[in-house]
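Visitor: I would like to discuss a model and the charged side chains within it. Could you show it to me before we begin?

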Amino acid sequence: MANEEDNNGGNVGLQNLSDGSAKSPDLAPREDGQVRSAQELEPVFDVPVRVQAVLGKSTLEVSQLLKLAPGAVIELDRKVGEAIDIYVNNRLVARGEVVLVEDHLGVTMTEIIKLDGGVN
């Protein structure tokens, strides 16, 4: 596991597309029908983005929040086994499931959210 983390900068399960070791995935075709590749995006590979995997949400009053102690349980708006939301820069981009990778938690994407708000 340590070698996998070292090779991926500590990011378990991420594939490094910029080193040329793997075939780049195809992206959506251009309007003229030609298929784009991830190599065209190489200039933005180093741009940091914020990724959030949201298990659920809850609303509390400040008085309730102040009463919380270690071991307290906060009920979320999701049921066990229900898909979690994956946000990139505060924009919903996918839904997925929590997985265990050795001793780390991870998320596997089960559906991608289209830009128009639909689901693939």
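Guide: This is a predicted model. One residue to start with is K114, which is partly exposed at a relative accessible area of 42%.

Visitor: Where does K114 lie?

Guide: K114 has a relative accessible area of 42% and is therefore partly exposed, as this value falls between the cut-offs of 20% and 50%. As for its place in the chain, K114 belongs to the segment after β6 (104–112).

Visitor: What distance separates the C-alpha atoms of K114 and V93?

Guide: Along the chain, K114 and V93 are 21 residues apart. In space, the separation of their C-alpha atoms is 7.3 Å.

Visitor: Is D85 buried or exposed?

Guide: D85 is found in strand β4, which comprises residues 84–88. Its relative accessibility is 8%. Because the cut-off for burial is under 20%, D85 counts as buried.

Visitor: Which residues does D85 touch, leaving out those up to four places away in sequence?

Guide: Two arginines belong to the set, R78 and R95. With these go Q52, A53, V54, L92 and A94.

Visitor: How many salt bridges does the structure hold, and what allows such pairing?

Guide: Side chains of opposite charge can pair when their charged atoms come close. In this structure, R78 forms a salt bridge with D85, and the side chains of D85 and R95 meet in another. The number of salt bridges held by the structure is two.

Visitor: How far apart are the closest N and O atoms of R78 and D85?

Guide: The side chains of R78 and D85 make a polar contact. R78 is partly exposed, with a relative accessible area of 24%, whereas D85 is buried at 8%. In their salt bridge, the closest N and O atoms are apart by 2.5 Å.

Visitor: Which strands hold D85 and R95?

Guide: The side chains of D85 and R95 meet in a salt bridge with an N to O distance of 3.1 Å. This pair links distant parts of the chain, its members being 10 residues apart. D85 lies in strand β4, and R95 in strand β5 (residues 91–101).

Visitor: Which residues are joined into one network by salt bridges that share partners?

Guide: R95 counts as partly exposed because its relative accessibility is 24%. D85 takes part in a salt bridge with R78 and in one with R95. The network thus joined consists of R78, D85 and R95.

Definitions and conventions
Residues are numbered from 1 along each chain as its sequence is written. This is a predicted model: local features need pLDDT of at least 70, side-chain atom pairs count only at pLDDT 80 or more; totals for chains, interfaces and linings use all residues. Side-chain values use heavy atoms; hydrogens and water are left out. Helices (H or I, at least four residues) and strands (E, at least two) are DSSP runs, numbered from the N terminus. Buried means under 20% relative accessible area, exposed over 50%, partly exposed in between (1.4 Å probe, protein chains only). A polar contact is a pair of N or O atoms within 3.5 Å; within protein, one must be able to donate a hydrogen and the other to accept it, and residues adjacent in sequence count only if both atoms are side-chain atoms. Contact means heavy atoms within 4.5 Å. A salt bridge is a side-chain nitrogen of Lys or Arg within 4 Å of a carboxyl oxygen of Asp or Glu.
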